[in-house]
Amino acid sequence: TRLKEGLAKTRNNIVRGIDSLFSGFSAIDDEFYEELEEILIMGDIGVNATMEIVSRLKAQIKERHIREPQECKQLLIEGIKEQMRVGENAYDFEKKQSVIMVIGVNGVGKTTSVGKLAGKLKDDGRKVLIAAADTFRAAAGDQLAEWARRADVPVVGGSEGADPASVVFDAVSAAKARGVDVLLIDTAGRLHNKKNLMEELRKMNRIVEREFPDAHRENLIVLDGTTGQNALVQAREFGEVADLTGIILTKMDGTAKGGIAVAIQSELRVPVKYIGVGETIDDLQKFDSDEFVNALFD
Ligand code: GDP
């Protein structure tokens, strides 16, 4: 399937280890568990998540008197799915009038993801408007305009150096006036300093809240899947200023570190809503953690 192809490198990384684990060990002993831990950690599933997965597995193996490694493979797969459970993975913005603020540091694939998401929502028959609130980077507006053209969606832009909050204000007014279903706001990934960036985000959120109180609101953070544990650090920092409602995990096609999706979702308790698996407008896939784990281990 496309998901499996997109995750080829991560699959290679994890599946090879898991296969040799289950064929190489004839008994479930301490060494088996150590090897399993190492495979999961090397697969970027994260230390905490790994420890929890393995300790639950141990308990189940004991309880069910399982002796053969082969017999616990399915338990392991189910345990990873369990670890990723974050309640309803809601896509409310597909139904309600919504404002989606897209945040994240530069280079993670924010603009690309806004473009892909705009195209997807538009294809679903929704009326979409993009706000170009990254007024800090000269090229950002042009790049976004190009994506908007591909997605066939209008943009409300700010000129370079304009106040991002005023762009948001204008975009919200336009969205209300035009009866837009989804307003996607592309934000700056860098400002003069971090404090500045975070202040700006707060300000933009307040404007949306005040000017568009009836809209369903989302803060989606874009994280680069190839950066492994760094992605977690970024999410925690942004999480301090914005209420994260979802994650877009990009560049999953180019990485063996895709297991990071497990670490991120289980540690942040925020659902990964989409993964990016390429550079074209169609390369954004809805994320379902069960499907993801199946694709990794099948
Ligand atoms: P921004 O600075 O966060 O807005 O990042 P951009 O949207 O400009 O993307 C940075 C680079 O990552 C570009 O070369 C994109 O084509 C690339 N990119 C974004 N998403 C993906 C993805 O899912 N897969 C791959 N392979 N490349 C991606």
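In the predicted model, the side chains of Glu-218 and His-216 are joined by a polar contact of 2.7 Å. A polar contact of 2.7 Å also links the side chain of Glu-218 to that of Thr-245. Glu-218 is located in strand β5, which spans residues 216-224. With a relative accessible area of 5%, Glu-218 is buried, because a residue counts as buried when this value is under 20%. When residues up to four places away in sequence are not counted, Glu-218 touches Phe-93, Val-99, Ile-100, Met-101, Thr-245 and Lys-273. Thr-245 therefore appears both as a partner of Glu-218 in a polar contact and among the residues that Glu-218 touches, where contact means heavy atoms within 4.5 Å.

A second buried site is provided by Thr-187, which is placed in the loop between β4 and α9 (194-211). The relative accessibility of Thr-187 is 0%, so this residue counts as buried. A polar atom of the Thr-187 side chain lies 2.7 Å from the backbone oxygen of Val-102. Val-102 is also one of the residues in contact with Thr-187 once neighbours within four places in sequence are left aside. The others in that set are Met-101, Ile-103, Lys-110, Ala-133, Asp-134, Leu-201 and Met-204. Met-101 is thus in contact with Thr-187 and is likewise touched by Glu-218.

Two helices illustrate how buried residues can be arranged around an axis. In helix α7 (residues 138-151), the buried residues are Ala-140, Leu-144, Trp-147, Ala-148 and Ala-151. These residues lie on the same side of α7, because they cover an arc of only 100° around the axis. Ala-138, Asp-142 and Arg-149 are exposed on the other side of α7. The packing partners of the buried residues of α7 are α6, β2 (128-132), β3 (155-157) and β4 (182-186). Just after α7, Asp-152 adopts a positive phi of about 60°.

In helix α10 (residues 229-239), the buried residues include Ala-231, Leu-232, Gln-234, Ala-235 and Phe-238. Their arc around the axis is only 165°, which means that they are on the same side of α10. The elements that cover the buried residues of α10 include β1 (98-103), α9, β5 and α11 (260-268). Strand β5, which holds Glu-218, is therefore among the elements covering α10, where contact means heavy atoms within 4.5 Å.

The largest pocket encloses about 200 Å³ of space. Its lining is formed by Gly-107, Val-108, Gly-109, Thr-112, Ser-113, Lys-116, Trp-147, Thr-250, Lys-251, Asp-253, Gly-278 and Glu-279. Helix α6 (residues 110-123) supplies three residues, the largest share of this lining. By type, the lining of the largest pocket comprises two nonpolar, six polar and four charged residues. Trp-147, one of the lining residues, is also one of the buried residues of α7.

Several loop residues were examined for their backbone angles and surroundings. Most residues other than glycine have a negative phi. Asp-44, by contrast, has a positive phi, near 65°. Asp-44 is situated in the loop between α3 and α4 (47-63) and is buried, with a relative accessible area of 9%. Arg-269 likewise has a positive phi, near 55°. Arg-269 belongs to the loop between α11 and β7 (272-276). At 46% relative accessibility, Arg-269 counts as partly exposed, because this class covers values from 20% to 50%.

Phe-25 occupies the loop between α2 (8-24) and α3 (30-42). This residue is buried, with a relative accessible area of 17%. Apart from residues up to four places away in sequence, Phe-25 touches Ser-20, Glu-31, Phe-32, Glu-35 and Pro-69. Phe-25 and Glu-35 are ten residues apart along the chain, and their C-alpha atoms are separated by 9.8 Å. A separation of 8.6 Å is found between the C-alpha atoms of Ser-173 and Phe-212, which are 39 residues apart along the chain. Ser-173 is part of helix α8 (residues 164-178) and, at 33% relative accessibility, counts as partly exposed.

How values were computed. Residues numbered from 1 in each chain as written. Predicted model: local features only at pLDDT ≥ 70, side-chain atom pairs only at ≥ 80, totals over all residues. Heavy atoms only, no water. 1 Å grid on protein atoms, 1.4 Å probe; cavity = no way out; pocket = protein on both sides within 12 Å on 5 of 7 lines; lining within 4 Å. Points joined across faces, edges and corners; volume = space filled by probe spheres on them. Helix = DSSP H or I, 4+ residues; strand = E, 2+ residues; numbered from the N terminus. Nonpolar A, V, L, I, M, F, W, Y, C, P; charged D, E, K, R; others polar. Buried < 20%, exposed > 50% of the residue type's maximum accessible area, 1.4 Å probe, protein only. Polar contact = N/O pair within 3.5 Å; in protein donor to acceptor, adjacent residues only side chain to side chain. Arc of directions from axis to C-beta.
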